[in-house]
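Subject: Structure for you to look at

Hello,

Here is the structure I promised to hand over. Please open it and keep it in view while you read my notes below.

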Amino acid sequence: MKRPWTSLEHHVWKKLKEFSLETHDNFILAVSGGLDSMVLLEVLVNLKPQANFKVAYYHHGPSNFKSQEEFRDRAYEMVQQRVQSFNKKNVIFVSERSSDELLSEDKMRSARWSFLRSLIYSNEIVVTAHHLDDRLETMLLKMIRGTSIDGLFSFKMWNHEILRPFLETTKQDLLVYAQTAELYWVEDPSNSEDHYLRNWVREKWLKDLNERLPSGSKNLSKSL
């Protein structure tokens, strides 16, 4: 017997209907092996079991850091195994590996998006697991670096190419879903390194803000 949908699944279905995508049947899911994207994979396959899914993993290639290379290999294997466990012909695993060492977040992002866009055929859309916390971090980074109003608000839930159904969902909500569903995921060791500006904003600046003012980041997100 099929289990009832969770509140998160109901929310995502509501968004699919809002954008007239409830009957769409061709998706490319960007799955990194982390918490957010493993939840994305589970939610979409549960909501649309008959749809066609390309589960896309981009391996960022070699690294001078052994822990990073091990993480990438482990994430690759875990995503592939999870796709195989569905045992569905309409859910397939696709991947690409960089032959070069990618030394910056920008280069990794560019290579990853080049791979995702190369997979798009007629009537396919890319779905990512960006959530509310990601949206706040992205907007803050754009403000720090200097951007126009249009640039600041270009990170949309649906732009007719990319769907981000979790943009109104917190990281904590995704964690609760993953724990309840007993999902497996791997943590990128670079997420704890604050020499990356995004990590510093997340792990230092926003955490300090919330220690000084509980719900400070939530209020800031609402204001933006």
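Start with Glu42. Its relative accessibility is 11%, so Glu42 counts as buried, because the cut-off for buried is under 20%. Keep in mind that this is a predicted model.

What does Glu42 form a salt bridge with? The partner is Arg82, and the closest N and O atoms are 2.8 Å apart. Glu42 sits in helix 2 and Arg82 in helix 3, so to speak at two distant parts of the chain, 40 residues apart. Arg82 has 23% relative accessibility and counts as partly exposed.

Now the sheet. Five strands form it, and it is open. The strand order is 3-2-1-4-5, with parallel pairing. Strand 3 (91–97) and strand 5 (162–163) are the edge strands, each pairing on one side only. Look next at strand 1 (residues 26–30) and strand 2 (residues 52–59). They run parallel, joined by five bridges. For Leu29, the bridge partner in strand 2 is Val55.

Which strands does helix 2 touch? Helix 2 (residues 35–47) packs on the sheet and touches strand 1, strand 2, strand 3 and strand 4 (125–127). Its direction makes about 160° with that of strand 1. Helix 3 (residues 66–86) lies across strand 2 and strand 3. Helix 3 runs at about 160° to strand 3.

Back to the salt bridges. The count comes to 11. Two further pairs are worth finding on your screen.

- Glu70 and Lys66 meet through their side chains, at 3.9 Å from N to O. That is a salt bridge because the cut-off is within 4 Å. Both residues are in helix 3, four residues apart, so about one helical turn separates them. Lys66 is exposed at 63% relative accessibility. Glu70 is partly exposed, with a relative accessible area of 40%.
- Arg117 forms a salt bridge with Glu161, and their closest N and O atoms are 3.0 Å apart. This pair also links distant parts of the chain, 44 residues apart. Arg117 is in helix 4 (residues 105–118). Glu161 is in the loop between helix 6 (149–152) and strand 5. Arg117 is partly exposed, with a relative accessible area of 41%. Glu161 counts as partly exposed too, at 29% relative accessibility.

One last item. Lys15, Glu18 and Glu168 are joined into one network by salt bridges that share partners.

Best wishes

Terms used
Residues numbered from 1 in each chain as written. Predicted model: local features only at pLDDT ≥ 70, side-chain atom pairs only at ≥ 80, totals over all residues. Heavy atoms only, no water. Pairing = 2+ DSSP bridges. Contact = heavy atoms within 4.5 Å. Axes fitted to C-alpha atoms, helices over the stretch in contact; angles between N-to-C directions. Buried < 20%, exposed > 50% of the residue type's maximum accessible area, 1.4 Å probe, protein only.
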